Amino acid sequence: MLKDKTGVILGVANKRSISWHIAKAADRAGARLVLTYQNERLLRGITELAGQLEREPILVPCDVTDEGQMDALFEIVSAESGHLDFLVHGLAFSKREELVGPFYDTTLENWQIAMQISSYSLSALTRRAAPLMEGRSGSILSLSYIGGERVIPHYNVMGVCKAALESSVRYLAADLGPHGHRVNAISAGPIKTLAAAGVKGFSQMLDVVAERSALKRNLDGGEVGDAALFFLSDLSRAVTGEVLFVDCGYHAMGL
Ligand code: NAD
């Protein structure tokens, strides 16, 4: 499904990362990948993971708070491949201590950094990726959570960031539509990852989904990877500005 396509995937921290599940699915589907890592601390782990893929990916550092690193990422993609077919934005951040108490305790400092990393970075990366997608029907995919639409205890500023992210998906879809590129998001159910562990009461979220979702079970990261293939491939060529729930049907239930 992704043969001869080149993609950048941001957000692999370890084997539990949703971006890693997407990377494995994209690799199986034939894509050539550029994987980014946030900092040197994560390089060893991502290098080990990269060895498990069928095609050796290019590894590039990219902290999205650093404009220079974002520029450098796309310069490397341009030099190595000359073009880009898809980009996966699988990253978010808030201070852990602000995902514990009430939302009104959010500090301005954390609001700004959480918004910059979790929401603004999608626009900043899209601006740089789009020129490399010229003439190739590019696909940009982000990851959201139902806490952007409804109140989830302790999700706090991350919920507001996800609301901004989902709105950004629609504005970016309108920007890139005339160029033939698509921008979408998957709103995934809870999965135990490094980022998720920072939300107080996360294991209760898993229990609630297992009990109340339509499918009466939790989600596996590989299932997000499979859904991502739809968005990254030409199968979704007429779908843009969309946020698709991949959550075992939890969002559909009233009680
Ligand atoms: P994760 O901890 O594996 O991934 C988060 C990634 O964000 C890490 O790779 C980290 O390095 C990266 N990151 C943080 N700050 C960064 C920065 N300044 N620059 C570059 N990268 C930075 O956790 P995950 O659950 O796989 O999260 C991936 C995405 O999925 C996030 O957007 C998250 O909100 C979303 N999501 C997660 C769940 C869940 O339950 N795990 C559910 C729905 C949506």
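Helices (H or I, at least four residues) and strands (E, at least two) are DSSP runs, numbered from the N terminus. The model shown in these views is predicted: local features need pLDDT of at least 70, side-chain atom pairs count only at pLDDT 80 or more, and totals for chains, interfaces and linings use all residues. Residue numbers start from 1 along each chain as its sequence is written, and side-chain values rest on heavy atoms, with hydrogens and water left out.

**View 1. Helix α1 and the glycine that follows.** Helix α1 spans residues 18–28. Of its 11 residues, nine are buried, so the helix is mostly covered (buried is under 20% relative accessible area, exposed over 50%, partly exposed in between; 1.4 Å probe, protein chains only). The buried residues of α1 are I18, S19, W20, H21, I22, A23, A25, A26 and D27. An α-helix has 3.6 residues a turn, so residues three or four places apart point the same way. After α1 comes G30, with a positive phi near 105°.

**View 2. The ligand and its surroundings.** The ligand is surrounded by 29 residues, counted as near if one of their heavy atoms lies within 4 Å of the molecule. The closest are S17, Q38, K162, I191 and T193. Three polar contacts are drawn here (a polar contact is a pair of N or O atoms within 3.5 Å; within protein, one must be able to donate a hydrogen and the other to accept it, and residues adjacent in sequence count only if both atoms are side-chain atoms). A polar side-chain atom of Q38 is 2.7 Å from a ligand oxygen atom. At V64, a polar backbone atom lies 2.9 Å from a nitrogen atom of the ligand. For I191, a backbone N or O atom is found 2.8 Å from an oxygen atom of the ligand. Taken alone, the ligand exposes 820 Å², and the protein buries 93% of that (Shrake-Rupley method, 1.4 Å probe; for residues, only the protein chains shown count as cover).

**View 3. An aromatic pair, Y145 and Y155.** The structure holds three aromatic pairs (rings of Phe, Tyr and Trp, the last by its six-membered ring, with centres within 6.5 Å; planes under 30 degrees apart are stacked, over 60 edge-to-face, the rest tilted). One of them joins Y145 and Y155, edge-to-face, at 4.8 Å centre to centre and 65° between the planes. Both residues lie in the loop between β5 (139–144) and α5 (156–176), so the pair ties together parts that are 10 residues apart in sequence. Y145 and Y155 are both buried.

**View 4. N184 in strand β6.** N184 belongs to strand β6, residues 182–188. Its relative accessibility is 0%, so N184 counts as buried. The N184 side chain reaches the backbone nitrogen of E242 at 2.9 Å.

**View 5. Positive phi at D4 and N156.** D4 has a phi near 70°, a positive value in a residue other than glycine. D4 sits in the segment before β1 (6–10) and is exposed, with a relative accessible area of 60%. N156 is not a glycine either, and has a positive phi of about 45°. N156 is placed in helix α5; at 13% relative accessibility, N156 counts as buried.

**View 6. A195 and A92.** A195 is in the loop between β6 and α6 (202–212). With 57% relative accessibility, A195 counts as exposed. A195 and A92 are 7.7 Å apart, C-alpha to C-alpha, and 103 residues apart in sequence.
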